[in-house]
Amino acid sequence: ASLRIIEADRSAGRSRIELTITEGRFHQVKRMFQAVDMSVTFLRRISMGSLHIDDDLPTGSYRVLTPEEVSELSRTV
């Protein structure tokens, strides 16, 4: 995993980070932070494999993948 701190507010005890993992399991990110006595209050996936999720896609919604995207994801699995 790699971690990049985007913003840290020590007085509020909050940070914004970018975390990259190559393989994820159920609640893995939350468990990683629990292991160092920290908690996750908001989590957003920005990509999955080579597929980058559109910023304008509303939370909780989805779109149909193109045949090219399906093919690319199949190759990386």
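Begin by selecting Met32 in this predicted model, and colour its side chain so that you can follow it: Met32 is partly exposed, because its relative accessible area is 30%, a value that lies between the 20% under which a residue counts as buried and the 50% over which it counts as exposed. Widen the selection to residues 28-34, and you have helix α1, the element in which Met32 is found. Now show what surrounds this side chain: once the neighbours within four places in sequence are left aside, Met32 is in contact with Ala1, Leu19 and Ile21.

From Leu19, move on to the strands. Leu19, which belongs to β2, is the bridge partner of Leu3. Select residues 2-9 for strand β1, which pairs with β2 in the antiparallel sense over 7 bridges, and then add residues 14-20, which make up strand β2 itself.

Follow the two strands to the turn. Another bridge to display there is the one between Asp9 and its partner in β2, Arg14. The hairpin of β1 and β2 has 4 residues between the strands, and within this hairpin you can pick out Gly13, which takes a positive phi near 70 degrees.

Finish on the surface. Which residues make the nonpolar patch of about 270 Å²? Select Leu3, Ile5 and Ile17 together and switch on the surface display, since these three residues make that patch. Ile17 is found in strand β2, and Ile17 is partly exposed, with a relative accessible area of 32%.

Key:
Residues are numbered from 1 along each chain as its sequence is written. This is a predicted model: local features need pLDDT of at least 70, side-chain atom pairs count only at pLDDT 80 or more; totals for chains, interfaces and linings use all residues. Side-chain values use heavy atoms; hydrogens and water are left out. Patches are made of residues with over 30% relative accessible area and no salt bridge: like charges are joined within 9 Å, nonpolar side chains (Val, Leu, Ile, Met, Phe, Trp, Tyr) within 5 Å. Accessible areas come from the Shrake-Rupley method with a 1.4 Å probe; for residues, only the protein chains shown count as cover. A salt bridge is a side-chain nitrogen of Lys or Arg within 4 Å of a carboxyl oxygen of Asp or Glu. Buried means under 20% relative accessible area, exposed over 50%, partly exposed in between (1.4 Å probe, protein chains only). Contact means heavy atoms within 4.5 Å. Two strands pair if DSSP finds at least two bridges between them.
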